[in-house]
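This briefing goes through one protein structure, topic by topic. Keep the sequence and the 3D view side by side while reading.

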Amino acid sequence: MLFLVLNIIMLVVGILKKDDCPIQQNVPLYLIVAGAIGIISKVLPFINRKLDWCLLDLLVSVSYLFEFIWVILGSVWIYSIYKPNFNPAAGDYCNETAYLLGFWLLTLHWIFLAISIVLVCCCCCCACLKSDN
């Protein structure tokens with residue numbers, strides 16, 4: 001539920017600030033698309049529990065793959081301009097809310113991914129050690 005709320009926030013902030021990041025116009029676009037795809041990827045599995053359609057399973061898998069690719073693109077767009085000017089009067093800028101939302105959500109995403117990989121590796125190592133005994 002928390003991730004669905006975060007995706008809605010991303011979508012709304014991206015739409016509201018779509019013209020407020022001239023230094024990197026893809027930052028609001030990242031928020032809009034990531035929010036929309038995130039909502040779809042969270043809602044489709046619940047719909048498919050009732051319908052049990054193979055096509056919806058495929059769409060969910062494709063949306064997860066697209067989300068991962070979009071995170072990589074968002075990382076390039078957002079991290080490449082770190083730390084942007086937030087003051088519109090001082091030249092090229094990016095809206096502080098849009099930028100920091102994208103920055104921190106991406107950073108948390110990469111941290112959780114790294115932790116997940118470490119945990120999977122630890123579980124695999126433990127399973128290998130148990131099977132050897």
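Met-1 is exposed, with a relative accessible area of 79%. Met-1 sits in the segment before H1, and its C-alpha atom is separated by 36 Å from that of Lys-130, which is 129 residues away along the chain. The model is a predicted one, and the points below cover its largest pocket, salt bridges, nonpolar patch, a cis peptide bond and some distances.

**The largest pocket**

- The largest pocket has a volume of about 660 Å³.
- Its lining is made up of 24 residues. Phe-3, Lys-42, Glu-67, Val-71 and His-109 are the ones that lie nearest the centre of the pocket.
- Four helices each give two or more residues to this lining: H1 (2-16), H2 (26-51), H3 (54-79) and H4 (96-132).
- Sorted by class, the lining holds 18 nonpolar residues, four polar ones and two charged ones.
- As background, rolling a probe the size of a water molecule over the atoms shows where empty space is left.

**Salt bridges**

- Side chains of opposite charge can pair when their charged atoms come close.
- The count for this model comes to two salt bridges.
- One salt bridge joins Glu-67 and Lys-42, with the closest N and O atoms 3.5 Å apart. Because Glu-67 lies in helix H3 and Lys-42 in helix H2, the pair ties together parts that are 25 residues apart in sequence.
- Lys-42 is partly exposed, with a relative accessible area of 25%. Both Lys-42 and Glu-67 are also among the residues that lie nearest the centre of the largest pocket.
- Another salt bridge is formed by the side chains of Lys-18 and Asp-19, at 3.3 Å from N to O.
- Is Asp-19 buried or exposed? Asp-19 is exposed, with a relative accessible area of 61%. Its partner Lys-18 is partly exposed, at 48%.

**The nonpolar patch**

- A nonpolar patch on the surface is formed by Val-43, Ile-47, Leu-51, Trp-53, Leu-55, Leu-58, Leu-59 and Val-62. Together these residues have about 730 Å² of accessible area.
- H2 and H3 are the elements that give two or more residues to the patch.
- Which element gives the most to the patch? H3 does, with four residues.
- Leu-58, one of the patch residues, is found in helix H3. Leu-58 counts as exposed, because its relative accessibility is 52% and the cut-off for exposed is over 50%.

**A cis peptide bond**

- Most residues other than glycine have a negative phi, and most peptide bonds are trans.
- The peptide bond from Tyr-82 to Lys-83 is cis, with omega near -20 degrees.
- Where does Lys-83 lie? Lys-83 is in the loop between H3 and H4.

**Residues in H4 and distances across the model**

- Cys-121 is found in helix H4. With a relative accessible area of 43%, Cys-121 is partly exposed.
- Between Cys-121 and Leu-58 there are 27 Å in space, C-alpha to C-alpha, and the two are 63 residues apart in sequence.
- Leu-129 also has its place in helix H4. At 56% relative accessibility, Leu-129 counts as exposed.
- The C-alpha atoms of Leu-129 and Asp-52 are separated by 38 Å. Along the chain, Leu-129 and Asp-52 are 77 residues apart.

Technical notes. Residues numbered from 1 in each chain as written. Predicted model: local features only at pLDDT ≥ 70, side-chain atom pairs only at ≥ 80, totals over all residues. Heavy atoms only, no water. 1 Å grid on protein atoms, 1.4 Å probe; cavity = no way out; pocket = protein on both sides within 12 Å on 5 of 7 lines; lining within 4 Å. Points joined across faces, edges and corners; volume = space filled by probe spheres on them. Nonpolar A, V, L, I, M, F, W, Y, C, P; charged D, E, K, R; others polar. Salt bridge = Lys/Arg side-chain N within 4 Å of Asp/Glu carboxyl O. Buried < 20%, exposed > 50% of the residue type's maximum accessible area, 1.4 Å probe, protein only. Patch = residues over 30% accessible without salt bridge, like charges linked within 9 Å, V, L, I, M, F, W, Y side chains within 5 Å. Areas by Shrake-Rupley, 256 points an atom, 1.4 Å probe, with all protein chains shown as cover.
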